[in-house]
Amino acid sequence: MAYLQPDKPDKIYLPAIRAAKEKGEKLVCLTAYDYPTARIVDEAGVDLILVGDSIGNVIYGYGNTIPVSLEEIESATVAVKRATERAMVISDLPYGTYHLSQKETVKNALQLMKHGGAEAIKLEGGKNRVKLVKRLVDEEIPVVAHIGLTPQSVYKLGGYRVQGRTAEQAKRLIEDAQSLEEAGAFAIVLELVPREVAEIITKEVKISTIGIGAGAGCDIQVLVLHDLLGMTFGRQPRFVRKYADLRQIMTESIQTWTNDVKNGNYPNESESYGLTDEAKAELENLLK
Ligand code: KIV
């Protein structure tokens, strides 16, 4: 029997992520929620693409991630997966889709994999998710965990603040990470935690840490694409480095086009279609 070859020889699957950690090679991850951005991100050489529930903030303007539905993540995953050849595609399980029972969680994760095309799923929580992570891994579902600031707990936490600042809290985060590794997660997002804590976790666990606002010591760095490109609104957290100002570029381009239309400079002849001389003459005759 001949086995199908993977999509691309250098396509990123779990072994590549493990190997990078062993070699001390840094990987990068960005979010994407649609075909064009996923294609650009993948072609730029990013290793992992996260269809994050940050879609709620960035695309839908909900203000937080709570309202995001499984269907919204699934349909974004379909588009991202179609655009992606090399990067690993990871999809977030949104709030409420892994909270009721293990059975329903497995069903929802499988929906993202079978219908969306996700190659791994991500969920938030520490020790409280250990049984769930084990169950998902038992069903051959690759799992990324997410600790530190967990945005789906925004109402409980009362805002987006750095987590694990006291020694007690830091110890709890380290224990969470160890438990999630034991449960079978292959990576853990560390969001908004002190860099010292992220460094300890990265040393203590064999699985990869994916840092956002967690310092340079993590194995993988992740950012929300729209933050990196300057396509978000309002004050940004200190860890966001804006590499472009697409909001400005888009505004100026739209204003220039608007002015061109209003001043009769768009579209010009080469940007429209004409009749042949023969058709023109025939039409004139018909209209007589
Ligand atoms: O939803 C998301 O984009 C995330 C990243 C910030 C890690 O969870």
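Me: What follows helix 2, and what is the sign of its phi?

Reply: Gly-45 comes after helix 2, and its phi is positive, near 100 degrees. A helix here is a DSSP run of H or I with at least four residues, and a strand a run of E with at least two, numbered from the N terminus. Keep in mind that this is a predicted model, where local features need pLDDT of at least 70 and side-chain atom pairs pLDDT 80 or more, while totals for chains, interfaces and linings use all residues. Residues are numbered from 1 along each chain as its sequence is written, and side-chain values use heavy atoms, without hydrogens or water.

Me: Which residues of helix 2 are buried, and what puts them on the same side?

Reply: In helix 2 (residues 35-43) these are Thr-37, Ala-38, Val-41 and Asp-42. They lie on the same side because they cover an arc of only 130 degrees around the axis, taken from the directions of the C-beta atoms. Ile-40 and Glu-43, on the other side, are exposed. Covering the buried residues are, among others, strand 1 (27-31), strand 2 (48-51), helix 4 (70-83) and helix 10 (225-228).

Me: Why is Cys-29 called buried?

Reply: Buried means under 20% relative accessible area, exposed over 50% and partly exposed in between (1.4 Å probe, protein chains only). Cys-29 has 4%, so it is buried. Cys-218, at 1%, counts as buried too.

Me: How do you know that Cys-29 is not bonded to Cys-218?

Reply: A disulfide needs two cysteine sulfur atoms within 2.5 Å. The sulfur of Cys-218 is the closest one to that of Cys-29, yet it is 12 Å away, so it is too far for a bond. The search of the whole structure finds zero disulfides.

Me: Which residues touch the most other members of the largest nonpolar core?

Reply: Among its 54 residues, they are Ile-121, Leu-123, Leu-136, Ile-147, Ile-188, Leu-190 and Ile-201. Helix 8 (residues 167-183) gives the largest share, six residues. A second, separate core has 19 residues, including Ile-17, Ala-20, Val-144 and Val-222.

Me: How do you know that Asp-53 makes a polar contact with the ligand?

Reply: A polar contact to the ligand is a pair of N or O atoms within 3.5 Å. A side-chain N or O atom of Asp-53 is 3.0 Å from a ligand oxygen, so the pair qualifies. Lys-122 has such a pair at 3.0 Å, and a polar side-chain atom of Asp-92 lies 3.2 Å from a ligand oxygen.

Notes
Contact = heavy atoms within 4.5 Å. Core = buried A, V, L, I, M, F, W, Y, C linked by side-chain atoms within 4.5 Å. Polar contact = N/O pair within 3.5 Å; in protein donor to acceptor, adjacent residues only side chain to side chain.
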